[in-house]
Structure formats: C-alpha cells, structure tokens
Amino acid sequence: MREVCQPFQPEAPANSVDWSRFANLVRSGRRFLLTTHVRPDCDALGSTLAMTAIVEQLGKEAWIVADFDVPPRFQFLDPNKKIQRLGRDVAKDRLPMFDVLMVLDTSAWAQLGAMGEVIRATSAQKIVLDHHVSADDLGAEVFRDTRAEATGRLVYEAALHLGATLTPQIATLLFAALATDTGWFRFASTTAATYRLAGLLTEAGVEPDALYRALYENDSVGRLRLIGQAMARVQTDLQGRLIYTWITQDDFAACGALASDSEDVINLLFAVGSAEVAIILVEQASGGFKISFRSRCGLDCARLAEQFGGGGHRAAAGALVSAPLPIARTKVLDAVRSAMQ
C-alpha cells in the first residue's frame, strides 16, 4: 500500500442526504459505538471500519461491536481486529460507554442479530447510514440514499463533509466496499461517478490488483468444492429466464466449507445467458434458509424479499424463510414465477 494521504475531494454528492446535520451529530459526539449487519459483506465491513477510522481521526473514541465473526476471507480488512463480537469479546452489560450509536449498511432489525437489543435499550443518539430501499424504524436519525451504489459511497461523502483526510487505509476499505457492491464494476448500479470515485481512491493509495487477489483469488478448496456442488444442481424455469440452486448444511460439511463460503455464489448463475432472475437458498445453522434474489430485468427483488420479511435493493435482495427445503423452495419459486409472468 503506497503511503500517501490526500484531502477528500467532492465527487457526486448524495443530494438527498442532509450532510450538514450528519456532520453536526458526529462532531457533537465523543464516544461512538458502530455496528453493521450479520452475514457481512465487504460493503458492511469496509464502510464500518472506514467510518471508525474517520471518527478516530476527528479525535473521538470509537468501537465496533457486532453479532458475527468476520469471515476468514475478509479478515485482511481488519488486521487490528477492531470488530468485536457481542457476547464473546464483550458482554451486553460490559459495552464501552458511548453517546452515539451508528448503524451502517442496514436498517433492518432482522439483520442486526443480538445487537438489536442493544439498539432498542440505549438512550444514546442513534444514526443510520445506508443505501438500501427496505428499512425498519430503529428509532434513529436516518441518512439514506438509495441511488448510492454502496454504503461506502456514503461514508466517502460523510468524510468529505467532516473534513477528514483520505488515508491509504480508509481508501482501501472504501474501494473494497464500492467494488464488491458493484460486482467489481459490472452491475447496473455502476455509473461514470462510480469510476471517478474509484479513481480518486486509487490515487489515494489503493492497489486494485492486490485487493482483487485478496478478495477473489484466495479461496479455500472447501469453497471451490461448495461452488461445484451448487453449480451441479442448478435448475432453470420459464424457458431459462429463471435460474436457481441451493446449498444445505450437509453440503458445507461434505465440502469442508464455512458458512461465509456461500457468499457471491449466486452471481455465478448469471453466466447463463438466458437467465434474467437468479435465486439461491442457503440453509442456516440456526435453521431455515437464507434466500438471495438477483435480477437483471425489471423484476423488483426488494418487493419479492419483503414478502418473506426481508428486503434490499431492486436488483439484489434477501430474506430468511423458516421452513424445510422443499417448502421454502416451493414458496419462493411460486412467488418469483408469479412476479415474472
């Protein structure tokens, strides 16, 4: 990582966000507790770690506590182990003193796990910074722009309005958030502004080739076997417009794979040219199936997911269905077929 630092530069501000209000809330706080959603992706991790570094740069204290272990393939993003697991690294009644609680990359109770109890119980100022369409009322001030391609974009804009410095560390975390949430700049959410921001982050010290290798060329044999298992049972419907597969707990065990190894597998289904909608059902150790929806047509994945208590974006969303595989699969496929016809 090249050791350079640059001032933040304006880049396509998110006009729907009241950044003056956000900056005032951050400046008025002294001790911050930050959290993000369970089953974290790089946008969640990168955005939360970058915001923590920004808050600390302003001379404030900040801690990250969440209800998950950082997946092994993403641990390089948090070499100093800033992210603590609630209930293991820190007990609910032993949390550090904080006067601001910030939730990033979600505002859904179902995605917060045990941190939901902390959020409900606290009397501290609560802030949500998010780009998802679906949302619950967390009793927080919400700073949301659903046009943003990643929450990492919003963290960049927040830092700009806070007068923070774009260090190589922060730039790398934000690039990871931006690049992964756009499928390494191939999803429809990618715009000219996305590339301009990626360029600014690269100038600040990001090494995209090294980051890509760390994210996508560092898989375990177990993950490769799991991908093979999922691809081997792929099925299509509606003349190939709908494509789907599933992963069970037995698959994880047989392949020697981790729960986090199922991340991004759904995107491989779009290698089939006729596919307009992709679905993957992943059995959870706690029971039920996590359903991921992807669309590259007019289908609204967020609305589909909301039918099952989930949410997300128009082109990508998720939900949890508490039912055995045959029932969960039938319910989900029936809903998708109905929406596509």
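In this predicted model, the side chain of Glu149 reaches the side chain of Thr194 in a polar contact of 2.5 Å. Glu149 sits in the loop that links strand S7 (141-144) to H4. With a relative accessibility of 6%, the residue falls under the 20% cut-off, so Glu149 counts as buried. Setting aside residues up to four places away in sequence, Glu149 touches His131, Leu178, Asp181, Thr182, Ser189, Thr191 and Thr194. Thr194 thus turns up twice for Glu149, once in the list of residues touched and once as the polar partner.

Another loop residue worth a look is His132, found between S6 and S7. Its relative accessible area comes to 16%, and His132 is therefore buried as well. Two side-chain polar contacts involve His132: one goes to the side chain of Asp130, at 2.7 Å, and one goes to the side chain of His313, at 3.3 Å. Once neighbours within four places in sequence are left aside, His132 is in contact with Asp105, Thr106, Arg144, Thr146, Gly312 and His313. So S7 comes into play again here, because Arg144 belongs to the run 141-144 and is one of the residues that His132 contacts.

These loops lead into the sheet. Six strands make up an open sheet, ordered S4-S3-S2-S5-S6-S7, and the pairing is parallel. Strand S4 (83-85) and S7 are the edges, each pairing on one side only. From one strand to the next, the twist averages 25 degrees. Within the sheet, strand S2 (residues 31-36) and strand S3 (residues 61-66) are joined by four bridges in the parallel sense. One of the pairs puts Leu34 together with its bridge partner Ile64 in S3. As a general point, strands of a sheet pair through backbone hydrogen bonds, either parallel or antiparallel.

Helix H4 lies across part of this sheet. The strands it crosses are strand S5 (100-104), strand S6 (125-130) and S7, and H4 runs at about 120 degrees to S6. H4 also has a helical partner: helix H1 (residues 19-28) packs with helix H4 (residues 151-162) at an angle of about 70 degrees, the two axes being 9 Å apart. That angle falls in the 65 to 115 degree range, so H1 and H4 are roughly perpendicular to each other. On the H1 side, the residues that meet H4 are Trp19, Phe22, Ala23, Val26 and Arg27, and on the H4 side they are Leu154, Glu157, Ala158, His161 and Leu162. Sorted by class, this contact has seven nonpolar, one polar and two charged residues.

Val26, one of the H1 residues at that contact, is a good place to follow the chain inward. At 0% relative accessibility, Val26 is buried. Besides Leu162, Val26 touches Phe32, Leu58, Lys60 and Met102, not counting residues up to four places away in sequence. Of these, Phe32 lies within S2 (residues 31-36) and Met102 within S5 (100-104). The C-alpha atoms of Val26 and Ile127 are separated by 9.3 Å, although the two residues are 101 residues apart along the chain.

Further along the chain comes strand S11 (residues 277-283), which holds Ile280. The relative accessible area of Ile280 is 3%, so this residue is buried. The strand as a whole follows suit: six of the seven residues of S11 are buried, so S11 is largely enclosed by the rest of the structure. S11 has a partner in strand S10 (residues 242-247), to which it pairs in the parallel sense over six bridges, with Leu242 standing opposite Val277. S11 also pairs with strand S12 (residues 289-295), this time in the antiparallel sense over seven bridges, and there the bridge partner of Val277 is Ser295. Five residues separate the strands in the hairpin of S11 and S12, where Gly287 takes a positive phi near 110 degrees.

The contacts of Ile280 fit this arrangement. Not counting residues up to four places away in sequence, Ile280 touches Thr245, Trp246, Ile247, Val265, Ile266, Lys290, Ile291 and Ser292. Among them, Thr245, Trp246 and Ile247 fall within S10 (residues 242-247), while Lys290, Ile291 and Ser292 fall within S12 (residues 289-295). Lys60, which Val26 touches, has its C-alpha atom 42 Å from that of Ile280, with the two positions 220 residues apart along the chain.

Methods:
Residues are numbered from 1 along each chain as its sequence is written. This is a predicted model: local features need pLDDT of at least 70, side-chain atom pairs count only at pLDDT 80 or more; totals for chains, interfaces and linings use all residues. Side-chain values use heavy atoms; hydrogens and water are left out. Axes are lines fitted to C-alpha atoms, for helices over the stretch in contact, and angles run from 0 to 180 degrees between N-to-C directions. Helices (H or I, at least four residues) and strands (E, at least two) are DSSP runs, numbered from the N terminus. Angles under 35 degrees count as roughly parallel, over 145 as roughly antiparallel, 65 to 115 as roughly perpendicular and the rest as oblique. Contact means heavy atoms within 4.5 Å. Ala, Val, Leu, Ile, Met, Phe, Trp, Tyr, Cys and Pro count as nonpolar, Asp, Glu, Lys and Arg as charged, and the others, Gly among them, as polar. Buried means under 20% relative accessible area, exposed over 50%, partly exposed in between (1.4 Å probe, protein chains only). A polar contact is a pair of N or O atoms within 3.5 Å; within protein, one must be able to donate a hydrogen and the other to accept it, and residues adjacent in sequence count only if both atoms are side-chain atoms. Two strands pair if DSSP finds at least two bridges between them.
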